[in-house]
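Subject: Structure for you to look at

Hi,

Here is the structure I promised to pass on. Please open it and keep it beside you while you read the rest of this email.

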Amino acid sequence: MEQPVKTLEGWYCEHLVWNVNWQAVRRVDQTTRKTITDSYQRINDFLDKVEPAQGSHYWFRVNGFKGDLGLMILRPRLADLTAVEALIAKSALGTLLQPSRSFVSVTEVGTYTGKPKTDRGWAYVNAHLKPQLPAMNYICFYPMNKRRWPGANWYELPYADRQKEMHEHGTIGRRYAGKIKQYITGAIGLDDDEWGVTLFADDPIEIKKLVTEMRYAAASAVYGDFPYFIIGTKLTESDLTGLLSLSEGGCRIIMEMKVAREQTAPVWFYSLAVLVTQLDGGAVSTLLSSIMRQYQLTPTAVSWVSGLYTLGLVIATPAVSNWADLFGERRVFLSELALWLAQPG
């Protein structure tokens, strides 16, 4: 068995990604929409209450179809992360969110180069174990594993070889100091993948360059496995208001078209109902003389037939109204229209 590397751990970390239920967004009224944005503010107030001493967080809007809304959250205990999850799920904002992905880990610093020997060194380590997440505009998160393939098994490499590979990896990362903030979190035993890598930058091209360059280092090229990448842009309270606004992404146009259809449809149905009623009444009046001749009825008998017809309408009207309440006005009306058109003669 090869010698494992010793690690230093800090705060627990969770990356949460949700899909937004856009159909629900289009249905909510302005009052409910404000309630949802207010709940987002209350969630942030809850998070800010213990920060920076007891954690940090970063909201972001996901680019692409892997999700819509994301949150990176750091806390001293796993139970604290669970509490945040529940808070969001129970909130008004949570009614619009559908979980897409999650990744549970803990901030980690490896000791391939040894433990710090100076206060400055420990300050650097602590800034990665209990970080205050930067306010940079872009975030990139990806899980990472070390391969255990025949001939390329990271865990069978001697300690000295792994130390050499990680030194090369670290040298590349340090060249992007000031452009990128990088945080490594360990997930072995906590999630499906072994590590999480989170990069922050004000220019997403710098993220692309760093990841590309690291791909050529043996620690990644030979032994690294990266299941997926998530890129996002920093989200503020005003950004969330815009995200849920009907004016974004054509939602207002869709809503106006829907309202117009809903307002126009009853007019057409009412007009058609009036036309059918007039046609039915006219047909009955026209046919009375034919009924008298065919069945040799007296005027008194015909008046009885006409009265019974009117009585039938009076009795049927409340019943049809109840059916409309049970099955829907349009469905009942169309059924009646179909029966009227299907009658012989």
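Below is what turned up, from the whole chain down to single residues.

First, a caution: this is a predicted model. Keep that in mind throughout.

**The overall picture**

The protein has 345 residues, and 36% of them are buried. It contains eleven helices and eleven strands. The accessible surface is about 20600 Å². Carbon and sulfur atoms account for 59% of that surface. Now look at the contacts with a separation of 6 or more. Of these, 77% are between residues 24 or more positions apart.

**Salt bridges**

How many salt bridges does a search of the whole structure find? The search gives five. Here are three of them, one by one.

Start with E51 and R75. Their side chains form a salt bridge, at 3.0 Å from N to O. E51 sits in the loop between α2 (30–48) and β2 (56–62), while R75 belongs to strand β3 (residues 69–75), so the bridge ties together parts that are 24 residues apart in sequence. Both E51 and R75 are buried.

Next, find E194 and R148. Their closest N and O atoms are 2.6 Å apart, and they form a salt bridge. This pair also links distant parts of the chain, 46 residues apart. E194 is in the loop between β8 (180–186) and β9 (195–201), and R148 is in strand β6 (residues 148–149). Are these two buried or exposed? E194 has a relative accessibility of 11%, so E194 counts as buried. R148 has 51%, so R148 counts as exposed. The cut-offs behind those words are under 20% for buried and over 50% for exposed.

Then go to E213 and R175. They form a salt bridge too, with the closest N and O atoms 2.1 Å apart. E213 lies in helix α6 (residues 204–215), and R175 lies in the loop between α5 and β8. The two are 38 residues apart, and the pair links distant parts of the chain. E213 has a relative accessible area of 26%, so E213 is partly exposed.

**A buried charge without a partner**

E165 deserves a separate look. Find E165 in helix α5 (residues 159–174). E165 is buried, yet has no salt bridge. Which side chain of opposite charge is nearest to E165? That is K164, 5.9 Å away. Why does K164 not count as a partner? A salt bridge needs the nitrogen and oxygen within 4 Å, so a pair at 5.9 Å does not qualify. Set aside the neighbours within four places in sequence, and E165 is in contact with W154, A218 and A219.

**Cysteines**

A disulfide is a covalent bond between the sulfur atoms of two cysteines. How many disulfides are counted here? The count is zero. Two cysteines to find are C13 and C140. C13 has 0% relative accessibility, so C13 counts as buried. C140 is buried as well, with a relative accessible area of 4%.

**A nonpolar patch on the surface**

Finally, turn to the outside. W304, L308, L311, V314 and I315 make a nonpolar surface patch of about 580 Å². W304 is part of helix α10 (residues 299–327). Its relative accessible area is 61%, so W304 is exposed.

Best wishes

Key
Residues numbered from 1 in each chain as written. Predicted model: local features only at pLDDT ≥ 70, side-chain atom pairs only at ≥ 80, totals over all residues. Heavy atoms only, no water. Disulfide = S-S within 2.5 Å. Buried < 20%, exposed > 50% of the residue type's maximum accessible area, 1.4 Å probe, protein only. Patch = residues over 30% accessible without salt bridge, like charges linked within 9 Å, V, L, I, M, F, W, Y side chains within 5 Å. Areas by Shrake-Rupley, 256 points an atom, 1.4 Å probe, with all protein chains shown as cover. Helix = DSSP H or I, 4+ residues; strand = E, 2+ residues; numbered from the N terminus. Contact = heavy atoms within 4.5 Å. Lys, Arg positive; Asp, Glu negative; His and termini not counted.
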